[in-house]
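This report describes a predicted model. It covers two helices, the nonpolar core, the salt bridges and some backbone angles.

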Amino acid sequence: GTRQEFAVYPGPGNPGDTFAPMAHPITIRTIVALAVANCWWMHQGDVKTAYLNADLPKPLRKAVYGLGASSRLWWQTFTKKNKEFGMESMTADDCVFKLTCWKSVLVVAIIVNDILMTGNDEGLRQEYFEFMQQFFEVSDDGDLNFYLGVHYK
């Protein structure tokens, strides 16, 4: 029940709190506009069973989908892995990450388990996917085509 969940996991993400790792719609539009203006590629990806990849305290490992904290724990795990890759979260939207390395740029946005990526270096994009696939089952769904109900051309 709710009391048991609260007793097991006090703090942010308690039952009653609602959280989903979602880049804001205006941020997504801004990322797409940035990519178009700079002639960057745009890719999409998907993390399979994202919540099951969260770093969970041992008592919670069996009740992942029933927990109010599942999405927050998944987002914290995803954020940690992005930072290990060298990315930094954006101050305006903490579900968007950026890496600049010399003249290379990589921008990643997450909406629950859907990934939107853009940048100017295909090698860096591939390196990012390979890094993430060490920890999660991530599919590289190719060029941005249909993302969150919006068709892109």
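Directly after helix H3 comes Gly 86, whose phi is positive, near 110°. H3 itself runs from residue 70 to residue 85. The helix has 16 residues, and the distance from its first C-alpha to its last is 23 Å, close to the 22 Å expected at 1.5 Å a residue.

H3 is mostly covered, with twelve of its 16 residues buried. Among them are the aromatic residues Trp 74, Trp 75, Phe 78 and Phe 85. The buried set also includes polar or charged residues such as Ser 70, Ser 71, Arg 72, Thr 77, Thr 79, Lys 81 and Asn 82. The packing partners of the buried H3 residues are S1, S3, S4, S5 and H4.

**Helix H4**

H4 covers residues 122–133. Its end C-alpha atoms are 17 Å apart, which agrees with the 16 Å that twelve residues should span at 1.5 Å a residue. At the N-terminal end, Asp 121 acts as a cap: one of its side-chain oxygens lies 2.9 Å from the backbone nitrogen of Gly 123.

Which residues of H4 are buried? They are Leu 124, Arg 125, Tyr 128, Phe 129, Phe 131 and Met 132. These residues lie on the same side of H4, because they cover an arc of only 160° around the axis. The elements that cover them include S1, H3, S3, S4, S5 and strand S6, residues 138–143.

**Nonpolar core**

The largest nonpolar core contains 36 residues. Within this core, the members that touch the most others are Phe 78, Phe 85, Met 87, Leu 106, Val 108, Met 117 and Tyr 128. Two or more core residues come from each of helix H2 (25–37), strand S1 (41–47), helix H3, strand S3 (96–101), strand S4 (104–111), strand S5 (114–119) and helix H4. S4 gives the largest share, seven residues.

Tyr 128 shows how these parts meet. Apart from neighbours within four places in sequence, Tyr 128 is in contact with Phe 78, Asn 82 and Phe 85, and also with Met 87, Leu 106, Val 108 and Met 117. Of these partners, Phe 78, Asn 82 and Phe 85 are among the buried residues of H3.

**Salt bridges**

How many salt bridges does the whole structure hold? A search finds four. The table gives three of the pairs.

| Pair | Closest N to O distance |
|---|---|
| Lys 48 and Asp 46 | 3.1 Å |
| Lys 81 and Glu 84 | 3.4 Å |
| Arg 125 and Asp 140 | 2.7 Å |

In the first pair, Lys 48 is partly exposed, with a relative accessible area of 32%. Its partner Asp 46 counts as buried, at 14% relative accessibility.

The pair of Lys 81 and Glu 84 lies within helix H3, the two residues being three apart, about one turn of the helix. Lys 81 counts as buried because its relative accessibility is 12%, whereas Glu 84, at 43%, counts as partly exposed.

The side chains of Arg 125 and Asp 140 also meet in a salt bridge. This pair links distant parts of the chain, with Arg 125 in helix H4 and Asp 140 in strand S6, 15 residues apart. Arg 125 is buried, with a relative accessible area of 7%, and Asp 140 is partly exposed, at 32%. Salt bridges that share partners join Arg 125 and Asp 140 with Glu 122 in one network.

**Positive phi in loops**

Most residues other than glycine have a negative phi. Cys 39 is a residue other than glycine with a positive value, near 55°. Cys 39 is in the loop between H2 and S1. Its relative accessibility is 71%, so Cys 39 counts as exposed.

Trp 102, also not a glycine, has a positive phi of about 60°. Where is Trp 102 found? Its place is the loop between S3 and S4. Is the Trp 102 side buried or exposed? With a relative accessibility of 85%, Trp 102 counts as exposed.

Key:
Residues are numbered from 1 along each chain as its sequence is written. This is a predicted model: local features need pLDDT of at least 70, side-chain atom pairs count only at pLDDT 80 or more; totals for chains, interfaces and linings use all residues. Side-chain values use heavy atoms; hydrogens and water are left out. A nonpolar core is a set of buried Ala, Val, Leu, Ile, Met, Phe, Trp, Tyr and Cys residues joined through side-chain atoms within 4.5 Å. Buried means under 20% relative accessible area, exposed over 50%, partly exposed in between (1.4 Å probe, protein chains only). Helices (H or I, at least four residues) and strands (E, at least two) are DSSP runs, numbered from the N terminus. Contact means heavy atoms within 4.5 Å. The expected span of a helix is 1.5 Å times one less than its number of residues. The arc is that of the directions from the helix axis to the C-beta atoms. A polar contact is a pair of N or O atoms within 3.5 Å; within protein, one must be able to donate a hydrogen and the other to accept it, and residues adjacent in sequence count only if both atoms are side-chain atoms.
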